[in-house]
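Trainee: I'd like to learn how to read a protein model, step by step. Can we start with what the words for hidden and open residues stand for?

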Amino acid sequence: MAFSRSVIRSQAPAKCGICDTDRSIKWKCIDCSKLLCNHCKENVHPELKNTENHQVVNIKDVCEKTGVELKLNKQYQTELSTIGYISYCDDGSLWIYSYTDKVLQRVKPEGTKLNILSSFNIEVNGMAITQSNDLLISIGGTRLKQISSNTGTLTDSLYNVSPLVSTAVHITSDNKVLVGGVNKDFPKQGRRVAILMNQNGDHERVYEHDQHKQPIFTFPRSITSTSNGNIYVVDRVSDERGRVVVLGQGGDIINIYTGDKEINKDRPFVPTNIVTAPRDNVIVADLNTHTLHILNNAGLLMTCYKTSDINIIFPYSLAFSPTGQLFLGCNRPAGSTTKEGKLYEVTISGC
């Protein structure tokens, strides 16, 4: 088995969650998750409604850098070209999807092989496992589909983003559903949103504009959330560049992460997938630098490590098992035509 230690980098710059200026960030409110400059901590935050009992701490106390170790446990060879999405089921099986082949499979690890339990020829933009262990999938239409864990049948779900089309899906820890959406004629000018729905499919909140009435997203392609209610969206700015937009419970942008200044110095940050780790940190796969970026639950960079150090290249998709094992699915090099999409099971400590 192989081990790799993380490469610890400096924090990415963040703005005050109240004044949105370039003042240095010194504080964080634990209760409302706002990052604060010294001015707003002393003069503005105490005047906000119901903040008299909020706990405000030095940002150094919540952004302590940590060393992360990666241990490679198992490697599986699939018959797919790529593994663009992964979802883990309670019975130990996994759903994996190849956007190149447009094939969705449910597989069960058996030794060093994957036993294919079911397969669908379908185009998928995102997927997540529901509380009842069904698979909820975005297929690029207005309504999400779901596949029953019991019967394996594909049906319409309750979740609809009409008149938009869905681009991503995530289920929160309290079993609400976050769906990314864009206008049907994208990339023409139009709406780009993240919609929070309850279990009945009712729209509880739409995240679309920032506090300055400007659009938040360009193309929301992957979503996760942390236990403090913060929402993390991988936003594809172009084919060659992306970012992670971090929203607080109230919908304000609390940080925008655009990559590490050293790792992404020569190759731009191309985040593909994002997942929340057991310790409530967030892991982002950076495709072209073979790197995982770890952010804390305030959206600030804690550390990075290179998966290429243990021969995992082009990390693309991520999913955790309930026991904390991380599954990584990989892309293939540009120009390759082989059907050798690799799936790895790794143990991560320190995040």
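Mentor: Sure. A residue is called buried when its relative accessible area is under 20%, exposed when it is over 50%, and partly exposed in between. Keep in mind that this is a predicted model.

Trainee: Let's try that on F219. Is F219 buried or exposed?

Mentor: F219 has a relative accessible area of 13%, so it is buried. F186 has 25%, so it is partly exposed.

Trainee: What share of the chain's residues count as buried?

Mentor: Of the 351 residues, 55% do.

Trainee: You mentioned F186 along with F219. How do I describe two rings like that?

Mentor: For a pair of aromatic rings, you give the distance of the centres and the angle of the planes. Here, F186 and F219 are 4.9 Å apart, centre to centre, with 50° between the planes, and that makes a tilted pair. The structure holds six aromatic pairs, and this is one of them.

Trainee: Where in the chain do the two rings come from?

Mentor: From distant parts, 33 residues apart. F186 is in the loop between β15 (177-182) and β16, while F219 is in the loop between β17 and β18 (220-225).

Trainee: Which residue lies over the face of F219?

Mentor: That's R236, at 4.3 Å from the ring centre. You can look for another case at W27: the charged end of K41 sits over its ring, 4.3 Å from the centre.

Trainee: Now the strands around those loops. In what order do they sit in the sheet?

Mentor: To read a sheet, follow which strand pairs with which. In this one, the order is β14-β15-β16-β17, an open sheet of four strands with antiparallel pairing. At the edges are β14 (165-171) and β17 (203-207), each pairing on one side only. From one strand to the next, the twist averages 25°.

Trainee: How many bridges join β16 to β17?

Mentor: Four, with β16 covering residues 192-197 and the two strands running antiparallel. For one bridge to find on screen, take A194 and its partner in β17, Y207.

Trainee: And if I zoom out, what does the chain contain?

Mentor: Two helices and 28 strands. The C-alpha atoms fill a box of roughly 60 × 45 × 35 Å along the principal axes. A compact globule with 351 residues would have a radius of gyration near 20 Å, and the chain has 20 Å, so the two agree.

Trainee: What about contacts between distant positions?

Mentor: Look at contacts with a separation of 6 or more: residues 24 or more positions apart account for 48% of them.

Conventions:
Residues are numbered from 1 along each chain as its sequence is written. This is a predicted model: local features need pLDDT of at least 70, side-chain atom pairs count only at pLDDT 80 or more; totals for chains, interfaces and linings use all residues. Side-chain values use heavy atoms; hydrogens and water are left out. Two strands pair if DSSP finds at least two bridges between them. Axes are lines fitted to C-alpha atoms, for helices over the stretch in contact, and angles run from 0 to 180 degrees between N-to-C directions. Rings of Phe, Tyr and Trp (its six-membered ring) pair if their centres lie within 6.5 Å; planes under 30 degrees apart count as stacked, over 60 as edge-to-face and the rest as tilted. Buried means under 20% relative accessible area, exposed over 50%, partly exposed in between (1.4 Å probe, protein chains only). A charge sits over a ring if NZ of Lys or CZ of Arg is within 6 Å of the ring centre and within 35 degrees of the ring normal. The radius of gyration is taken over C-alpha atoms; the globule rule is 2.2 Å times the number of residues to the power 0.38. Contact means heavy atoms within 4.5 Å.
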